[in-house]
Amino acid sequence: MKKLLALSALAAMLASGTALADTSGKKIAFSNNYAGNSWRQAMLDSYGIVTKKAVADKIVGAADIFTTADKEVPTQAAQVQNLILQGYDAIVINAASPDALNGAIKQACDAGITVVSFDGTVTEPCAYRVVVDFKDMGKQEVEQMAKFQPKGGNLLEIRGLAGTSIDDAIHAGILEGVAAHPEFKIVGSVTGDWDQTTAQKAVATILPSLPDVVGIVDQGGDGYGAAQAFAAAGKPRPTIIMGNRQDELKWWKEQKDKDGYKTWSASIAPGVSSLAFWVAQQVLDGRKDIPHDLLVPYLAFTQDDFEAALPKIKEGGVATHEYTQEDALAAIKANIK
């Protein structure tokens, strides 16, 4: 009877996708190429909150974070190669380039190391990718802009960190949105590195050469800086798409209270780093049904719901969500076709 019960339990676990391996001794490294803005800081915080508990609960043996000293691809490639030599069982990576790191990623896979990329994903087939539809997010920015500026007009685009998959995808979505709404025209483009200070300086530099701008499409972390640049230049306040940062939403509320200012906000939740961790843990745990591409939704706020979210975001922070193991299992299930 006991043998039958054991076999029944085993069958139920296999049917549910629950793995049988023990990951308590497994070591997971996080390779991060950049930490110079509020989103990246929130990303690291979320990862640390979740993984410290996972280590304390003996779910994994280690979950160490490694951030490069610069944004350069060769630096991160060398970092990944060092992690291979250090004997990690899995590497979670926010990559500086979608393809330039593929050689190092393939070396890790060939060494039997699980690689899970997120946010800045990689194209190497052996790696897993936790993917947000950034192209759709960029397109939605223009769709939302059309609601606030129905007559159309000139747009300023603020791009993110050059060379990353995120920057390329959001930019492509914005271009697609403008193609569908020819009443808009992009008259200028600057690089903001997803950072308020960098964006403010870049916008201030280009503003004198621009015609009147009705709206700003961007990538997150740059909305408040852009607003400050326009105010300092004495230019009319445009409709600025926001990126879920606390200072952006606070400014939005101030403008809404003053005269009903309307906009839209969207970004990937920084806590997606913790989802990537759990995906890596589940692969190490022996699950065979995990797709190499897991699509997860981005986080968006409208005129009706952003004020309720604002008090929950710490000052200088970003709206986020720390993922649990159960969240990861649900995400995996949702992506199994």
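User: What makes certain residues of helix 9 count as buried, and which are they?

Analyst: This is a predicted model, and the call rests on accessible area: a residue is buried when its relative accessible area is under 20%. Within helix 9, the residues on that side of the cut-off are Q246, E248, L249, W251, W252 and Q255.

User: What do the buried residues of helix 9 pack against?

Analyst: Quite a list of elements. There are helices, namely helix 7 (196-206), helix 8 (223-232) and helix 11 (306-309), and there are strands, namely strand 9 (239-240), strand 10 (265-267) and strand 12 (299-301). Each counts as a contact because heavy atoms come within 4.5 Å.

User: How do you know that the span of helix 9 agrees with its number of residues?

Analyst: Helix 9 covers residues 246-259, which is 14 residues, and at 1.5 Å a residue the expected span is 20 Å. The C-alpha atoms at its ends lie 20 Å apart, so the two values agree. Just after the helix comes G260, with a positive phi near 80°.

User: Why is the sheet with order 2-1-3-4-5-11 called parallel, and what makes strand 2 and strand 11 its edge strands?

Analyst: Its six strands form an open sheet, and the pairing between them is parallel. Strand 2 (62-67) and strand 11 (293-296) each pair on one side only, and that puts them at the edges. On average, neighbouring strands here are turned by 20° against each other, ignoring direction.

User: How do you know that strand 1 and strand 2 pair?

Analyst: Two strands pair if there are at least two bridges between them. Strand 1 (residues 27-32) is joined to strand 2 by six, running parallel, so the pair passes that cut-off. Among the partners, F30 stands opposite I65, and N32 has T67 as its bridge partner.

User: What makes strand 1 "mostly covered"?

Analyst: Five of the six residues in strand 1 are buried. As for neighbours, helix 2 (residues 38-56) lies across strand 1, strand 2, strand 3 (90-94) and strand 4 (114-118), at about 175° to strand 1. Helix 3 (residues 73-85) also packs on the sheet, where it touches strand 1, strand 2 and strand 3 and makes about 170° with strand 1.

User: What makes strand 7 and strand 9 the edge strands of the sheet with order 7-6-8-9?

Analyst: That is an open sheet of four strands with parallel pairing, and strand 7 (184-191) and strand 9 each pair on one side only. Strand 6 (residues 153-159) pairs with strand 7 over seven bridges, in the parallel sense. L155 sits opposite I186 there. Helix 5 (residues 134-148) packs on this sheet and touches strand 6, strand 7, strand 8 (215-217) and strand 9, with a direction about 165° from that of strand 8.

User: How do you know that domain 1 and domain 2 are in contact, and how much area do they bury?

Analyst: The domain assignment gives domain 1 as 2-133 + 269-299 + 318-336 and domain 2 as 134-267. Their C-alpha centres are 31 Å apart, yet 22 residues of domain 1 contact 20 residues of domain 2. Between them they bury about 1600 Å², with 49% of it on carbon and sulfur atoms. D119, D133 and Y298 supply 30% of what domain 1 buries against domain 2, more than any other three residues.

Methods. Residues are numbered from 1 along each chain as its sequence is written. This is a predicted model: local features need pLDDT of at least 70, side-chain atom pairs count only at pLDDT 80 or more; totals for chains, interfaces and linings use all residues. Side-chain values use heavy atoms; hydrogens and water are left out. Helices (H or I, at least four residues) and strands (E, at least two) are DSSP runs, numbered from the N terminus. Axes are lines fitted to C-alpha atoms, for helices over the stretch in contact, and angles run from 0 to 180 degrees between N-to-C directions. The expected span of a helix is 1.5 Å times one less than its number of residues. Buried means under 20% relative accessible area, exposed over 50%, partly exposed in between (1.4 Å probe, protein chains only). Domain bounds come from an automatic or database domain assignment. Buried area is the accessible area (1.4 Å probe) that two parts lose on being put together, summed over both.
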